[in-house]
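This briefing is for a reader meeting the structure below for the first time. Please look at the sequence and the model, then go through the points by topic.

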Amino acid sequence: MTTFGFVRHGVTAWNKEKRAQGSSDIPLDEEGIEMAERVAERLSSEQWDIVYTSPQLRAKQTAEMIAERLPNLPFHTDFRLREVGGGLIEGTTEAERIAKWGEAWRELDLGTEPYEEVIARGADFLEEMKEKYPGKRILVISHGGFIWRLLGVLIPEREFEKNLQNTSVTVVEVQEDVNLCHLFNCTKHLDSSF
C-alpha cells in the first residue's frame with residue numbers, strides 16, 4: 001500500500017481571471033503564496049516521506065514552501081506532473097473563447113493535450129512510485145485538471161467534483177485490489193479557525 005497526498009498549487013492571477021493556464025508558467029500571486037504557506041503549515045504536522053512536484057512555477061513555488069516545513073524529506077521535480085496542456089485556449093477566458101471560436105469551441109481541435117496522454121503520464125508516475133516507494137507516503141504537488149483526471153482513473157467507481165480548490169489536499173491509498181480516497185479537496189487549513 002502506497003499513500004499519495006495530492007495538493008493543488010496556490011492561487012494565481014490567472015485563476016482569479018478564470019484564464020486557462022495549462023502549460024503556461026504563471027507564478028503564485030500574493031494570496032497564493034499565503035495559501036501555500038498555510039498548507040505547508042498543515043502538512044508539517046503530518047507524516048510524509050517524499051515530496052514530488054510539477055516543474056511549473058505555480059506548483060513548484062507551492063512545493064518549495066511545503067519542503068521548507070519538511071526539510072528532511074527528499075524533494076523531486078517530475079515533468080509528468082505538469083498541468084494538462086491547453087493548446088490555443090491558454091491565456092483565454094471562457095468569454096474570449098466563445099468570441100473567437102463560438103459556443104461549440106470544446107468540439108474543435110485547439111491543440112489541447114489528449115486525455116489519453118495525460119492519463120498515460122500520470123499512470124506511469126504512479127506505477128514508478130509504487131515500485132520505488134512501497135508503503136511510503138508521497139506528497140504530490142500538481143494542478144487541478146491533472147489531479148482530477150488521475151483521481152478518475154485511481155477510483156473509477158466514484159465521481160469527483162471537477163473543480164479542485166487551490167491548495168486542497170486529497171489523500172488516496174493505492175492498494176493491490178481497491179484504492180481508497182480518505183480525503184478529497186480539503187482546505188481546512190484556509191479556515192481562520194485552523
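**A buried arginine and its surroundings**

The backbone oxygen of Gly22 lies 2.8 Å from a polar atom of the Arg58 side chain. The model is predicted. The points below start with Arg58, then turn to a loop residue that touches Arg58, Ile26, and after that to salt bridges, a helix pair and two further loop residues.

**Arg58**

- Arg58 belongs to helix 3, which spans residues 57-69.
- Arg58 is buried but forms no salt bridge.
- Which side chain of opposite charge is nearest to Arg58? That side chain is Asp25, at a distance of 5.0 Å. Because a salt bridge requires a side-chain nitrogen of Lys or Arg within 4 Å of a carboxyl oxygen of Asp or Glu, the 5.0 Å between Arg58 and Asp25 does not qualify.
- Not counting residues up to four places away in sequence, Arg58 touches His9, Thr12, Gln21, Gly22, Ser24, Asp25, Ile26, Leu28, Glu83 and His143.

**Ile26**

- Ile26 sits in the loop that runs between helix 1 (13-17) and helix 2 (30-44).
- Is Ile26 buried or exposed? Its relative accessibility is 13%, so Ile26 counts as buried.
- With neighbours within four places in sequence left aside, Ile26 is in contact with Thr12, Trp14, Gln21, Leu57 and Arg58.
- Ile26 and Lys136 are 110 residues apart along the chain, and their C-alpha atoms are separated by 31 Å.

**Salt bridges**

- How many salt bridges are there? The count comes to 15.
- One of them joins the side chains of Lys16 and Glu31, with 2.8 Å from N to O. This pair links distant parts of the chain, since Lys16 is in helix 1 and Glu31 is in helix 2, 15 residues apart.
- Lys16 has a relative accessibility of 46% and therefore counts as partly exposed. Glu31, at 40%, also counts as partly exposed.
- Arg19 and Glu17 meet through their side chains in a salt bridge, again with an N to O distance given as 2.8 Å. Arg19 counts as partly exposed at 22% relative accessibility, and Glu17 counts as partly exposed at 41%.
- A salt bridge of 2.9 Å, N to O, connects the side chains of Lys130 and Glu127. Both residues lie in helix 5, where Lys130 and Glu127 are 3 residues apart, about one turn of the helix.
- Lys130 counts as partly exposed because its relative accessibility is 27%. Glu127 counts as partly exposed at 40%.
- A network of salt bridges links Asp78, Arg80, Asp124, Glu128 and Lys132.

**Helix 5 and helix 6**

- Helix 5 covers residues 115-132 and helix 6 covers residues 144-154. The axes of helix 5 and helix 6 come within 10 Å and cross at roughly 75°.
- How is the crossing classed? Angles of 65 to 115 degrees count as roughly perpendicular, and helix 5 and helix 6 are therefore roughly perpendicular to each other.
- On the helix 5 side, the residues that meet helix 6 are Tyr115, Val118, Ile119, Arg121, Gly122, Ala123 and Leu126. Their partners in helix 6 are Phe146, Arg149, Leu150, Val153 and Leu154.

**Thr93**

- Thr93 is located in the loop between strand 3 (75-77) and helix 4 (94-101).
- With a relative accessible area of 16%, Thr93 is buried.
- Not counting residues up to four places away in sequence, Thr93 touches Glu17, Lys18 and Arg19. Glu17 and Arg19 are the residues paired in a salt bridge above.

**Gln175**

- Gln175 is part of the loop between strand 5 (169-174) and strand 6 (180-186).
- The relative accessible area of Gln175 is 26%, so Gln175 is partly exposed.
- The side chain of Gln175 makes a polar contact with the Glu173 side chain at 3.4 Å. The Gln175 side chain also reaches the backbone oxygen of Val178, at 3.3 Å.
- Leaving aside neighbours within four places in sequence, Gln175 is in contact with Met1 and Leu180.
- From C-alpha to C-alpha, Gln175 and Asp109 are 37 Å apart in space, with their positions 66 residues apart in sequence.

Terms used
Residues numbered from 1 in each chain as written. Predicted model: local features only at pLDDT ≥ 70, side-chain atom pairs only at ≥ 80, totals over all residues. Heavy atoms only, no water. Helix = DSSP H or I, 4+ residues; strand = E, 2+ residues; numbered from the N terminus. Buried < 20%, exposed > 50% of the residue type's maximum accessible area, 1.4 Å probe, protein only. Lys, Arg positive; Asp, Glu negative; His and termini not counted. Polar contact = N/O pair within 3.5 Å; in protein donor to acceptor, adjacent residues only side chain to side chain. Contact = heavy atoms within 4.5 Å. Axes fitted to C-alpha atoms, helices over the stretch in contact; angles between N-to-C directions. Parallel < 35°, antiparallel > 145°, perpendicular 65-115°, else oblique.
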